[in-house]
Amino acid sequence: MDATGPSEPTGRADPPAATFAPPPPSRYESQKRRDWNTFLQYLRTHQPPVSLPQCGGAHVIEFLKYLDRFGKTKVHEPGCAHFGRPESPDPPCPCPLNQAWGSLDALVGRLRAAHDERRTSGEVENPFADRAVGVYLREVKERQGKARGVAYRKRWKRKRVASTAAGSSAGADKRGGSSSSSTAAGDSRSSSPAAS
């Protein structure tokens, strides 16, 4: 009777322990793992094959150009009649399909994080953080922006100007110009990008 007594609580405790299984990986983690495996496969099939410690920014750029074969974004060439015209979504023309800049940028971010997670102390720098990769992504962004007639603007510059105007009006308030400075601060708040 004593032998069966202790086994009953152990049997009852097993199911709750099973409920504490680790949660399934998030969509981001799953995508990051798939991207990492795809990149490693690319390095293995590279001619000649490249090991991860030998990999540099040039290999990353080659990989990004290789991915253009599977792109779905039409990027019009300068000689095309649809170049720089955002109103024509997917007109019939011989211009190539490429990976969209946003997709490449997100991919590099995931691969950079995956490399940092796996890096050991003696390994070389992260090739996805290489300056040449950043330059390449900027060039893709500008080229695709011109092809679509979309001008990418840096919004942080406008925010900085608005916050500087608010800061200078606050300084004027301390010096005694309270009525005019409060109106200026109100104007700068209403014209800031956050309000729109």
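This is a short talk on how helix H2 packs and pairs with its surroundings in this model.

Hi everyone, and thanks for having me. One thing to keep in mind throughout: this is a predicted model.

Let's start with the helix packing. Two packed helices are described by the angle between their axes and the distance between the axes. Here, helix H2 covers residues 27-45 and helix H3 covers residues 57-67. Their axes are 11 Å apart, and the packing angle is about 105°. H2 and H3 are therefore roughly perpendicular to each other.

So which residues in H2 meet H3? On the H2 side we have Thr38, Phe39 and Tyr42. Across from them, H3 brings His59, Val60, Glu62, Phe63 and Tyr66. By type, the residues of this contact divide into five nonpolar, two polar and one charged.

Let me stay with Phe39 for a moment. Is this residue buried or exposed? Phe39 has 0% relative accessibility, so it counts as buried. If we set aside neighbours within four places in sequence, Phe39 is in contact with Leu52, Cys55, Val60, Phe63, Leu111 and Phe128. You can also check a C-alpha distance on screen: Phe39 and Leu64 are 25 residues apart along the chain, and their C-alpha atoms are separated by 9.8 Å.

Now to the charges. Side chains of opposite charge can pair when their charged atoms come close. How many salt bridges does the structure hold? There are four, and I'll walk you through some of them.

One is between Arg110 and Asp35, with the closest N and O atoms 2.5 Å apart. Arg110 sits in helix H4, residues 101-118, while Asp35 is in H2, so this pair ties together parts that are 75 residues apart in sequence. Both Arg110 and Asp35 are buried.

Another salt bridge stays inside H2: the side chains of Glu29 and Lys32 meet at 3.2 Å, N to O. These two residues are three apart, about one turn of the helix. Their surroundings are worth a look, too. Glu29 is partly exposed, at 31% relative accessible area, whereas Lys32 is buried, at 4%.

Then there is Glu117 with Arg118, a salt bridge at 3.7 Å, N to O. Arg118 is partly exposed, with a relative accessible area of 38%.

And here is a nice way to finish: Glu29, Lys32, Glu117 and Arg118 are linked in a network of salt bridges. Thanks, and I'm happy to chat.

Terms used. Residues are numbered from 1 along each chain as its sequence is written. This is a predicted model: local features need pLDDT of at least 70, side-chain atom pairs count only at pLDDT 80 or more; totals for chains, interfaces and linings use all residues. Side-chain values use heavy atoms; hydrogens and water are left out. Axes are lines fitted to C-alpha atoms, for helices over the stretch in contact, and angles run from 0 to 180 degrees between N-to-C directions. Helices (H or I, at least four residues) and strands (E, at least two) are DSSP runs, numbered from the N terminus. Angles under 35 degrees count as roughly parallel, over 145 as roughly antiparallel, 65 to 115 as roughly perpendicular and the rest as oblique. Contact means heavy atoms within 4.5 Å. Ala, Val, Leu, Ile, Met, Phe, Trp, Tyr, Cys and Pro count as nonpolar, Asp, Glu, Lys and Arg as charged, and the others, Gly among them, as polar. Buried means under 20% relative accessible area, exposed over 50%, partly exposed in between (1.4 Å probe, protein chains only).
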